[in-house]
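This report goes through selected strands, side chains and aromatic rings of one chain. The sequence and the structure come first.

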Amino acid sequence: SSRQKIQPVVVNVPIKIFVAPNPVNNTATVMFDAINAYTYTITITDIWGKMLVRKECIAFKGKNITTIDLHIYPDGMYILTFVNNKDEISRLKLIKE
């Protein structure tokens, strides 16, 4: 009897990213786990959608950490968007104090 292999169905789910500290004073640290290596982009936009920061990086298998310098921007709320090479998107609110 031939048994068929069950193939997992991969659904585009947001990557779990963490930012510390939040609220941030000067530098935000972005942390996430990757199951393999890939490229990704982090953008910071203001609440009106204006892009302030764009950072392109390479993730390595395992824990990944990158920093974003926000010291020149005024206090307020910003949106951090993380997009990987499969167009999986995660967003979170970032408070600058």
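In which strand is the place of Lys 96? Lys 96 belongs to strand E7, which covers residues 89–96. The model is a predicted one.

**Lys 96**

Lys 96 has a relative accessibility of 7% and therefore counts as buried, the limit being under 20%. A polar atom of the Lys 96 side chain lies 3.2 Å from the backbone oxygen of Asn 25. Leaving aside residues up to four places away in sequence, Lys 96 touches Val 24, Asn 25, Leu 70, His 71, Tyr 73, Pro 74, Asp 75, Gly 76 and Tyr 78.

**The sheet that holds E7**

Strand E7 is part of an open sheet of 4 strands in the order E4-E3-E6-E7, with antiparallel pairing. E4 (51–59) and E7 are the edge strands; each has a single partner strand, so one side of each is left without a neighbour in the sheet. On average, neighbouring strands of this sheet are turned by 20° against each other, direction ignored.

Within the sheet, E3 and E6 run antiparallel and are joined by 7 bridges. Thr 45 stands opposite Ile 79 in E6.

**Aromatic rings**

A pair of aromatic rings is described by the distance of the centres and the angle of the planes. The structure holds 6 aromatic pairs. One of them is formed by Tyr 38 and Tyr 40: the ring centres are 6.5 Å apart and the planes stand at 70°, so the pair is edge-to-face. Tyr 40 also pairs with Phe 82, and this pair is stacked, with 4.9 Å from centre to centre and 20° between the planes. The pair of Tyr 40 and Phe 82 links distant parts of the chain, with Tyr 40 in strand E3 (residues 38–46) and Phe 82 in strand E6 (residues 76–84), 42 residues apart.

Are Tyr 40 and Phe 82 buried or exposed? Both Tyr 40 and Phe 82 are buried. For Tyr 40 the relative accessibility is 3%. Tyr 38 is buried as well, with a relative accessible area of 9%. Together with Phe 32, the residues Tyr 38, Tyr 40 and Phe 82 form one aromatic cluster.

**Thr 66 and Met 31**

Thr 66 is placed in strand E5, residues 62–69. The relative accessible area of Thr 66 is 9%, and Thr 66 is therefore buried. The side chains of Thr 66 and Lys 55 are joined by a polar contact of 2.8 Å. Beyond residues up to four places away in sequence, Thr 66 touches Ala 28, Thr 29, Val 30, Tyr 40, Ile 42, Lys 55 and Cys 57. Tyr 40, a member of the aromatic cluster, is thus among the contacts of Thr 66.

Met 31 is placed in strand E2, residues 27–34. Why does Met 31 count as partly exposed? The relative accessible area of Met 31 is 28%, which is not under 20% and not over 50%, so Met 31 falls in between. Met 31 and Asn 64 are 33 residues apart in sequence, yet their C-alpha atoms are 5.6 Å apart in space. Asn 64 is also among the residues that Met 31 touches, as are Lys 16, Ile 17, Phe 18, Ala 20 and Ile 65, not counting residues up to four places away in sequence.

The accessibility values given above are listed here.

| Residue | Relative accessible area | Class |
|---|---|---|
| Lys 96 | 7% | buried |
| Tyr 38 | 9% | buried |
| Tyr 40 | 3% | buried |
| Thr 66 | 9% | buried |
| Met 31 | 28% | partly exposed |

Key. Residues numbered from 1 in each chain as written. Predicted model: local features only at pLDDT ≥ 70, side-chain atom pairs only at ≥ 80, totals over all residues. Heavy atoms only, no water. Helix = DSSP H or I, 4+ residues; strand = E, 2+ residues; numbered from the N terminus. Buried < 20%, exposed > 50% of the residue type's maximum accessible area, 1.4 Å probe, protein only. Polar contact = N/O pair within 3.5 Å; in protein donor to acceptor, adjacent residues only side chain to side chain. Contact = heavy atoms within 4.5 Å. Phe/Tyr/Trp six-rings, centres within 6.5 Å; stacked < 30°, edge-to-face > 60°. Pairing = 2+ DSSP bridges. Axes fitted to C-alpha atoms, helices over the stretch in contact; angles between N-to-C directions.
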